[in-house]
Every structure is written in C-alpha cells, then in structure tokens.
Number of protein chains: 2
Amino acid sequence: MKDHHSDVRLTPGARRILDTASALFYHHGIHAVGVDLIATESGVTKRTLYDRFGSKDTLVTAYLRNRHQQWWTRWEQRLENAPPPRALTVFDSYTADAPMSDRGCAFLNAAAELPPTHPGYQVIRHHKEQVRERLRHLIAEDPRIHNPDHLAGHLFLLVEGAIAHRGIDGTDDRLTHARAMAEHLLASAGEHTPAHP
Amino acid sequence: MKDHHSDVRLTPGARRILDTASALFYHHGIHAVGVDLIATESGVTKRTLYDRFGSKDTLVTAYLRNRHQQWWTRWEQRLENAPPPRALTVFDSYTADAPMSDRGCAFLNAAAELPPTHPGYQVIRHHKEQVRERLRHLIAEDPRIHNPDHLAGHLFLLVEGAIAHRGIDGTDDRLTHARAMAEHLLASAGEHTPAHP
DNA sequence: CCTTAGGTACACTGATCTGTGAAGTCAAAG
DNA sequence: CTTTGACTTCACAGATCAGTGTACCTAAGG
C-alpha cells in the first residue's frame, strides 16, 4: 500500500520505463515515440526494455492498463469526500492536475492512432465502459432519479466531448461548462420527478 | 461545378494523391501511412507527390482542408431540405455514409496524433469553431429560444462525444442517442420559454 | 560458493521513413 | 518548332524504426 502504482511486481527499471513511456506516449502520441527514446529517457538500455516488456505493443498495452488503474484510483479517492451529486466528480477528476490532461484523454487519443486489432484497444473499450457504468451507479444514488441509464449516457457524452476538446482548445473551459450543464441536468432530473406540475 | 471537389486547381495526379491520402490517413492514421504507400496506391510516383505537395506535412494539411470543405458542403446540402429544428442535421451528417465516419472524427483523430505546432492543427481548430458557430446560428432560428449560445455549447459537446466514440464502439448508437437527447433539449427549450408556468 | 535476477554496453540487422537528383517521355499551346 | 507542364523511372541519401545477439557486471539468496 506504500506504492500508489498499479503493478507492484515491476522491477525498478521496468517501473521507470513504464513511467517514462507513459509520459512520452501521452504527450507526443504513440507512433511518434520510438523505443530508443524511451530507453534513453528512462536511463535504461534498450535491451532491458525488451527483456522486461518483450515488444513495443506490449509496452503500449501496459501503458494503457497503468493509466486506467491510476485514473480509476484517483477518481475513487475523490469520490470518498465528495458531496452529492457525486457523479460530477468525473469532471473534476480531469480538471484536477493539468499535465495529466493537457493533451485530452489518453484513451481517446490512443484509439485514434491504434488499429482496432491492437491488444491495447480492448483496454480502451474496457476503460470507457467502466467509467460509464460507474457513472450510472453514482447517478442512481439519488432515488428521485428514474432514468439513471439515460442520464448516465447524457453525462458521459458531455464528459467525452469536453475531454476530447481539452487537448485542442488548451483550456478547461469546455470541461467547466460541461460540468455546469451536468449539474443542471442532475438537479432538474431530481426536482420534477414524481409527477410534473 | 461539374466537380464536387474542393480545389479545382489541382492536377489530375494531385487529385488522385489527395483522395488516396485522405482515405489512408483517415482509416489508418497519419503517422501510420507513409508517402511511398500513398504514391503507389494512387498510381503515381513519389516524385510527383513531392512535386505537387512539397512535403508530407503539406499533404496532411491539404487533407484536413479538403476534408473540412467536403464535410461542410455535405452539411449545407442536407440543411437545405431539412425541417426545423435544423440543428439536428449535424448528427445525420455523421450517420449518413458509414465509410466516411467509421473511424470517428477525422479532425479529432488528427488532433490526437499531431503536435499543436503542426500547420494542420489550426485547420482542425477552425473546423470545430465553424461547426459550433453554425450550430449556434441554426439554434437561433427558433425565436423562442433565449440562450442559443449555451444550447449550442451543449449540443456541440453531445456531437463531439458521440463522434469521438463512433470509432471506438463501431456503432451509430451513441450518435442516435445523442440526436435524441438534442431533440429533447431543443424541444423543451422551445416550449417553456416566455415565462415558466 | 554458486546460481540467478536485473542490469549495462554495444554492435548490428533489415526494414521503413521522408526527401532529393538526374534524365527522359509525352502532349498541348505558343 | 519549341517551350512548358505533368509525369515517369530509378537510384540514392540519411535518419530512424523495432528488435536481437553476445558478453559482461553486480548484488542477493540458496
């Protein structure tokens, strides 16, 4: 529990490789970053990289898995001390630390440049599915809301649209606006629920 | 007017290069497609490609410009015979022909793998800005709607979220749902407008 | 003491990348 | 008849790509 990272079964070198690769992949794209750079930047030989991860594709997949795990943990933490409606924390989770999200969503970006056959692609799908599902549960915490699934779908699109543009616009504005819209949506869904006036 | 394409000042070879490059860039990503493949696939020499476009970056920029022009024209056409609320046509414009959108939004995908310094990046920003602005105007066509800008922002995020997931999910479901949500939003914004009961 | 794990150092392969140089073909327009 | 524009052929540069083979070092654990 002293390490906040995902897989503790990682060698010190492997840990550094994964962290470096994560930063580089996220900020410059996957195809744009070569293994030589990753090795150099992590103070490790390319030989070590291949001894630990076997291939670039595997490293990419590890990157996505690690990223999901990190993001999920952070969200869970934020969720603990959050006042209802807790669904709104998704937006805050992105706005939180800038260098972690200044290029938008790592998963959407990866999906944009990886072929659907890539082993990492199912990690992407899994991540998005998990987020949407968790969102649905959080919305359903308010018993006055009758259609949590529909509302979850709506909020999910708002999040995805906003975070997709986070990288393009360079601002958190879209995220902030999306949060406000979501807040209004949740409020009005909780208000006139039993029977409309 | 006999050619539906953007820049008529293009040589036959250049036209084929641009069309081929567009298809390849969109379906496999920009970094994943080399100039050799583009040249071969368009039945043209690499020499010709460089004589016409100068560099790959320029070709990429031309691709984005062309794509914007095409998309915009198609939208404009669809807009002509559309019943109000005409803002909903954005969704249809994406759902229309599958091979043109089965990998999601070309501009979001390009933004995901290009550095912000790339000459094509401002084309991306321009495209998105134009779409949002047009959306705002279309929404304002209904005089009963008081906050067209806010509503445009909302619809825009729904579109972007849905189209970003078009490539991941492989389905038009997200787009269809987004359209339904937008329809409801527009309807309720048009209904209780003068003073709420 | 000896094995094993996690490395380093470094040369090297073969493929692919963007981009260029030089010479030649062909048709249309002046 | 000659120039110009679009295009071909093909060789080649120089960099970078993912990935491997071999030998060596060092610390921890049996």
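How many residue pairs are in polar contact across the interface of chain B and chain A? The rule finds eleven of them, with both partners at pLDDT 80 or more. Keep in mind that what you have in front of you is a predicted model. Let's start with one chain, then look at how the two chains meet, and finish with the DNA.

**One chain**

Chain A has nine helices and zero strands. Reading from the N terminus, its elements run α-α-α-α-α-α-α-α-α. Along the principal axes, the C-alpha atoms of chain A fill a box of roughly 70 × 35 × 30 Å.

Now for charge pairs. Side chains of opposite charge can pair when their charged atoms come close. Over all chains, the count comes to 28 salt bridges. One to look up is A:K46 with A:D36, where the closest N and O atoms are 3.3 Å apart. This pair links distant parts of the chain, with A:K46 in helix 3 and A:D36 in helix 2 (residues 35-41), ten residues apart. Remember A:K46, as the name comes up again with the DNA.

**Where the chains meet**

The contact draws 33 residues from chain B and 33 residues from chain A. The size of an interface is often given as the accessible area lost when the parts come together. For chain B and chain A that buried area is about 2700 Å², and carbon and sulfur atoms give 67% of it. On the chain B side, B:L157, B:I168 and B:M181 lose the most area to chain A, together 25% of what that side buries.

How many salt bridges cross this interface? Zero, by the rule used here, while the polar contacts come to eleven residue pairs.

Which helices of chain B do the touching? Helix 6 (106-113), helix 7 (121-139), helix 8 (148-169) and helix 9 (173-191) each give two or more residues to the side that touches chain A. Helix 8 of chain B brings the largest share, with 13 residues. Sorted by class, that side of chain B has 18 nonpolar, eight polar and seven charged residues.

How are the two copies arranged? A turn of 180° with a shift of 0.0 Å along the axis lays chain B on chain A with an RMSD of 0.0 Å. The two copies are therefore related as by a two-fold rotation axis. If you want to find that axis on screen, go to B:G161: its C-alpha is the nearest one in chain B, 1.9 Å from the axis. Both copies use the same surface, and 100% of the contact residues of chain B recur in chain A.

**The DNA**

Start with DNA strand C, which has 18 residues around it. The closest are A:T11, A:G13, A:T48, B:D36 and B:K46, a list with names from chain A and chain B. Of the strand C atoms within 4 Å of the protein, 58% belong to sugar or phosphate, and the rest to bases. The residues of this surface split into five nonpolar, seven polar and six charged.

DNA strand D has 17 residues around it, and A:K46, B:T11, B:G13, B:T45 and B:T48 come nearest. So here is A:K46 again, the residue that forms the salt bridge with A:D36. Of the strand D atoms within 4 Å of the protein, 58% belong to sugar or phosphate, with the rest in bases. By class, the strand D surface has five nonpolar, seven polar and five charged residues.

Here are some contacts to phosphate oxygens that you can check by eye:

| Residue | Protein atom | DNA strand | Distance to phosphate oxygen |
|---|---|---|---|
| B:V35 | polar backbone atom | C | 2.9 Å |
| B:Y50 | polar side-chain atom | C | 3.1 Å |
| B:K56 | polar side-chain atom | C | 2.8 Å |
| A:V35 | backbone N or O atom | D | 2.9 Å |
| B:G43 | backbone N or O atom | D | 3.4 Å |
| B:T45 | side-chain N or O atom | D | 3.1 Å |

Which elements give two or more residues to the surface near DNA strand C? They are helix 1 (12-28) and helix 3 (46-53) of chain A, together with helix 2 (35-41) and helix 3 (46-53) of chain B. Near DNA strand D, helix 3 of chain A plus helix 1 (12-28) and helix 3 of chain B each supply at least two residues.

Key
Residues numbered from 1 in each chain as written. Chains lettered and ligands numbered in written order. Heavy atoms only, no water. Near = heavy atom within 4 Å. Polar contact = N/O pair within 3.5 Å; in protein donor to acceptor, adjacent residues only side chain to side chain. Helix = DSSP H or I, 4+ residues; strand = E, 2+ residues; numbered from the N terminus. Nonpolar A, V, L, I, M, F, W, Y, C, P; charged D, E, K, R; others polar. Contact = heavy atoms within 4.5 Å. Buried area = accessible area lost by both parts, 1.4 Å probe. Salt bridge = Lys/Arg side-chain N within 4 Å of Asp/Glu carboxyl O. Least-squares fit on C-alpha atoms with pLDDT ≥ 70 in both.
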